[in-house]
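Thanks for coming. I will take a few minutes to walk through one chain, and you can follow along on the screen.

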Amino acid sequence: MSKEMLTLEAFEEASEIVKKVTQETKLVYSDYLSELTGNKIYLKPENMQFTGAYKVRGAYYKMSTLTDEERQKGLITASAGNHAQGVAYAAKCYHAKATIVMPTTTPLMKVTRTKSYGAEVILHGDVYDEACAYAYELAQEHGYTFIHPFDDEAVATGQGTITMEIFKELPLVDYILVPIGGGGLATGVSTLAKLLNPKIRVIGVEPAGANCMQESVKNGKVTTLPEVTTIADGTAVKTPGSKIFPYIQENLDDIMTVEDKELVVAFLDMVENHKMVVENSGLLTVAALKQLQPANKKVVAILSGGNMDIITMSSVVQQGLIFRDRIFSVSVLLPDKPGELCRVASIIAKESGNVIKLEHNQFVSTNRNVAVELRITMEAFGTEHKNQIIAALERENYQPKVVATSI
């Protein structure tokens, strides 16, 4: 590339160019998360972008650096979803043909949205890395121009425009938390942050089951994970970018990891407290906030995207309610005689529990007069309320056992 990327001048140019395709995602101050963590928490809601994620920034800026000839050859990329939509949308703006290779596990909504921008979608491989290898094969075969989702300095420069917007709104920001898949967003965000204020701390956040960048930094070289397992499909990457890795080593202060269970709970927090749908990869920074040690610092958590399909969403909500003890199930044994069910229900009602499902098993014992099993699934306000309901049943000489909940 003729022009040097990841310089202040390049970031300034990119910031002007991406304004053509981005919406202004103003910082959202979170009272809830600030109170929870003891810091001043601001959210950067890139889930509100037109394509549902920040990726359009890097894709469009990269497209602007290509020659007409490179664009007219046709563009190709591999993506688990958000970069796909970014490239498809940018290609549409430039009237160029785009081919996107996506893993077969990509949620249907992301596939449909990508096609809606006029791109051809090919499903190949179980994970991003396999889709990417196939996209390279097709690029060579057909002469397409390949746009890498993260291992590209121009793409990373485009993603870094997020930092420019953060600084304009919150010049005295102390910490920026950024999700990491392959590392393009973290590269752009951390490099510009350090150019603008070397004292700022930029922390990357990865899923615990896909911590390729953390392992690479620890080993001092790009490292490939044997496998990745996470519900955060947008950051399920085995190998981080090699071109951008030196920038990560230089500019990223730390890398945290988050378990899938924490993402599920964070989804519930975002929906209930901020009325925002944020996909699992975008929730990494929210889930990591409680790991931050300092108090009373100005912290920006980048919500990288909001492209979550309805089936995944319903599953995450259900799991979140169970993890938070907002829904739970107990099994009680009671004599098979009239009035027992009513008695149990009245105990629960007195404690303000709300029964949502009952299962009555008369065959738990050969002697039905001794015991039948009643499984009760109910709503509670949280762990304290759940324990209060269980204690009330125990006081009435039932022996409730907490069992796995299925709704």
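Arg343 is partly exposed, because its relative accessibility is 34%, and that falls between the 20% and 50% cut-offs. Before going further: what you see is a predicted model. The side chain of Arg343 meets that of Glu396 in a salt bridge, at 3.4 Å from N to O. Arg343 sits in helix H16, residues 340-350, while Glu396 is in the loop between helix H17 (383-395) and strand E14 (401-403). The two are 53 residues apart, so to speak of them as a link between distant parts of the chain is fair. Glu396 also counts as partly exposed, at 35% relative accessibility.

How many salt bridges are there by this rule? The count comes to 21. I will show two others, and then a network.

The next pair is Asp152 and Lys62, whose closest N and O atoms are 2.9 Å apart. Asp152 is in the loop between strand E6 (145-146) and helix H8 (153-159). Lys62 belongs to helix H3, residues 56-65, and the pair spans 90 residues, linking distant parts of the chain. Are these two residues buried or exposed? Asp152 has a relative accessibility of 10%, so it counts as buried. Lys62 is buried as well, with a relative accessible area of 8%; the cut-off for buried is under 20%.

Then there is Glu262 with Lys290, a salt bridge of 3.5 Å from N to O. Glu262 lies in helix H13 (residues 260-274), and Lys290 in the loop between helix H14 (284-288) and strand E10, so the salt bridge ties together parts that are 28 residues apart in sequence. Lys290 is exposed, because its relative accessible area is 59%, and exposed means over 50%.

As for the network, Lys44, Glu46, Arg57 and Glu165 are joined into one by salt bridges that share partners.

Strand E10 has come up already, as one end of the loop that holds Lys290. Why can E10 be called largely enclosed by the rest of the structure? The strand covers residues 298-303, and 5 of its 6 residues are buried, so the description follows. As for its neighbours, strand E2 (residues 40-45) runs parallel to E10, and 6 bridges join them. In that pairing, Ile41 stands opposite Val299 of E10. Strand E7, residues 175-179, also pairs with E10 in the parallel sense, over 3 bridges. There, Ile176 has Val300 in E10 as its bridge partner.

Now the whole chain. It contains 17 helices and 14 strands. There are 407 residues, and buried residues make up 57% of them. Taken along the principal axes, the C-alpha atoms fill a box of roughly 85 × 50 × 40 Å. Of the contacts with a separation of 6 or more, 72% are between residues 24 or more positions apart.

Two last items concern surface and charge. The chain exposes about 18,000 Å², and carbon and sulfur atoms supply 50% of that area. The chain has 40 positive and 48 negative charges, and the mean positions of the two sets are 3 Å apart.

That is what I have.

Technical notes: Residues are numbered from 1 along each chain as its sequence is written. This is a predicted model: local features need pLDDT of at least 70, side-chain atom pairs count only at pLDDT 80 or more; totals for chains, interfaces and linings use all residues. Side-chain values use heavy atoms; hydrogens and water are left out. Buried means under 20% relative accessible area, exposed over 50%, partly exposed in between (1.4 Å probe, protein chains only). Helices (H or I, at least four residues) and strands (E, at least two) are DSSP runs, numbered from the N terminus. Two strands pair if DSSP finds at least two bridges between them. A salt bridge is a side-chain nitrogen of Lys or Arg within 4 Å of a carboxyl oxygen of Asp or Glu. Contact means heavy atoms within 4.5 Å. Accessible areas come from the Shrake-Rupley method with a 1.4 Å probe; for residues, only the protein chains shown count as cover. Lys and Arg count as positive and Asp and Glu as negative; His and the chain ends are not counted. The place of a charge is taken as NZ of Lys, CZ of Arg, CG of Asp or CD of Glu.
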